[in-house]
Amino acid sequence: MKFAVVVFPGSNCDHDAYHAVKHVLGQEAEFVWHKDTSLQGADVVVLPGGFAHGDYLRTGAVARFSPIMQTVTAFARSGGPVLGICNGFQVLLEAGLLPGAMLRNRSVKFQCEHVFVRVEHRDTPFTFECRPNQVLRIPIAHGEGNYYADPDVLDRLEANRQVVFRYVDANGAATESANPNGSARNIAGLCSEARNVVGLMPHPERACELALGSADGLVIFESVVKSVSQGAFATAR
Amino acid sequence: MRARVFVTLKPSVFDPQGTTVVEALHTLGFGAVQDVRQGKYFELDIDATTVDDTRRLATEAADKLLANPVIESYRIEVDALAKENGR
């Protein structure tokens, strides 16, 4: 199975994602430059974390116009699994592949720490192998992860079961104090209506080996390997 | 022609930066400042001959890139003086 890791100028978690996929999971991985228009036959696309185009204007606002994004959008619309991590999530929001927007963290600080997130729904390519309500300990590293959407959009996301990850405490409770950045309804990650596009602020690729303090993120990548190989979410393609 | 685009967060959107700034102003003794909303300001030099064309192009630019309609709104002013100066 082949992963494409998109590299924008300013991406800085591209190698982390590549390492997790290639060296930890033993899958094929290719870097794809943002000015390319081909995903090189990849089965899965990862938009990595970082500061694409310096985060100028707004996070992800310029990256969404990179040539590769037209191809990524077409891939997503055809049902292909796309994972946006941190800045990659912000790019997906700006590109309109996921709803809502990011505001500056409530603390007005760049926050770099391990947090707990609860897997809310397992019927996405990236949570397929999770246990029900599994709590993952994975790191965040962002200044603008304060998720915002209008209340009616939030209600629709809940009704459609698109809130895939929520910030929780160690016991799995979505409390106010477990919310690191002020995100609406403790939202840490979402999926598209078709469920194949997933974005999250925490970094599962930085938590794939115990040497890094947690291997809880590995299940995200194992999930997509299994779901793609089983054709579990291939109906729309 | 010059268009000035003012991008601000929608009233319903919490502005952590504006809140920090107003707190700093209070610390400095500006107790009369009741609220601060932080936004963005763009000056666009546009190759157009009429105010209407300038405004139309600036509006397109704001819709497509300068503002995110999920969280922001914008206001455009076209600088008529710049036109008289030949620009």
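# Exercises on a two-chain predicted model

Read along the sequence, the elements of chain B follow the pattern β-α-β-α-β-α. The coordinates come from a predicted model, so please work through the exercises with that in mind.

## Exercise 1: The build of chain B

Count the helices and strands of chain B, and decide whether its radius of gyration fits a compact globule or a more spread-out chain.

*Solution.* Start with the elements: chain B has three helices and three strands. Next, take the size rule. For 87 residues the globule rule gives 12 Å, and chain B has a radius of gyration of 16 Å, well over that value, so the chain is more spread out than a compact globule. Then look at the extents: the C-alpha trace spans about 45 × 30 × 15 Å along its principal axes. Finally, check burial, where 15% of the 87 residues count as buried.

## Exercise 2: The sheet of chain B

Work out the strand order of the sheet in chain B, and find which strands are at its edges.

*Solution.* Begin with the order. The three strands form an open sheet, β2-β1-β3 (chain B), and the pairing is antiparallel. The edges are β2 (40-45) and β3 (72-79) of chain B, each of which pairs on one side only. On average, neighbouring strands here are turned by 20° against each other, direction ignored.

Now zoom in on one pair. Strand β1 (residues 2-9) of chain B is joined to β2(B) by six bridges, and the two run antiparallel. Within this pair, Arg4(B) has Glu43(B) in β2(B) as its bridge partner. To finish, add the helix: α2 (residues 51-66) of chain B packs on the sheet and touches β1, β2 and β3 of chain B, with a direction at about 155° to that of β3(B).

## Exercise 3: The build of chain A

Put chain A to the size test: what radius of gyration would a compact globule of 237 residues have, and what does chain A have?

*Solution.* First, the inventory: chain A has five helices and eleven strands. A compact globule with 237 residues would have a radius of gyration near 18 Å, and the 16 Å of chain A agrees with this. The C-alpha trace spans about 45 × 40 × 35 Å along its principal axes, and 55% of the 237 residues count as buried. As a last step, consider the contacts with a separation of 6 or more: in chain A, residues 24 or more positions apart account for 78% of them.

## Exercise 4: The sheet of chain A

Trace the sheet of chain A from edge to edge, and describe how α2(A) and α3(A) sit relative to β4(A).

*Solution.* Write down the order first. The open sheet has nine strands, β2-β1-β3-β4-β11-β10-β9-β6-β7 (chain A), with mixed pairing. Its edge strands are β2 and β7 (135-142) of chain A, each pairing on one side only. From one strand to the next, the twist averages 25°.

Next, the helices. Helix α2(A) packs on the sheet, touching β1, β2, β3, β4 and β11 of chain A, and its direction makes about 125° with that of β4(A). Helix α3 (residues 87-94) of chain A lies across β3, β4 and β11 of chain A and runs at about 115° to β4(A).

Close with the β7(A) edge: strand β6 (residues 111-119) of chain A pairs with β7(A) in the antiparallel sense over eight bridges. In that pair, Glu113(A) stands opposite Ile140(A).

## Exercise 5: Strand β4(A) and its neighbours

Are the residues on the two faces of strand β4(A) buried or exposed, and how does the chain get there from β3(A)?

*Solution.* Take the faces one at a time. Val82(A) and Gly84(A) are on one side of β4 (residues 82-85), Leu83(A) and Ile85(A) are on the other, and all of these are buried. On to the pairings: three bridges join β4(A) to strand β3 (residues 44-47) of chain A, and these strands run parallel. Val45(A) is opposite Val82(A). The path from β3(A) to β4(A) leads through helix α2 (residues 67-77) of chain A, making a right-handed β-α-β crossover. With strand β11 (residues 197-200) of chain A, β4(A) shares four bridges, again in parallel. Here Gly84(A) faces Gly199(A).

## Exercise 6: Where the chains meet

How many residues does each chain bring to the contact?

*Solution.* Chain A brings eleven residues and chain B nine. Sorted by class, the chain A side has six nonpolar, two polar and three charged residues.

Methods
Residues are numbered from 1 along each chain as its sequence is written. Chains are lettered from A and ligands numbered from 1 in the order in which they are written. This is a predicted model: local features need pLDDT of at least 70, side-chain atom pairs count only at pLDDT 80 or more; totals for chains, interfaces and linings use all residues. Two residues are in contact if their C-beta atoms, placed from the backbone, lie within 7 Å. Ala, Val, Leu, Ile, Met, Phe, Trp, Tyr, Cys and Pro count as nonpolar, Asp, Glu, Lys and Arg as charged, and the others, Gly among them, as polar. The radius of gyration is taken over C-alpha atoms; the globule rule is 2.2 Å times the number of residues to the power 0.38. A residue is buried if 20 or more other C-beta atoms lie within 10 Å of its own, exposed if 12 or fewer, and partly exposed in between; C-beta atoms are placed from the backbone. Two strands pair if DSSP finds at least two bridges between them. A crossover is right-handed if, with the strands pointing away from the viewer, the path from the first strand over the helix to the second runs clockwise. Axes are lines fitted to C-alpha atoms, for helices over the stretch in contact, and angles run from 0 to 180 degrees between N-to-C directions.
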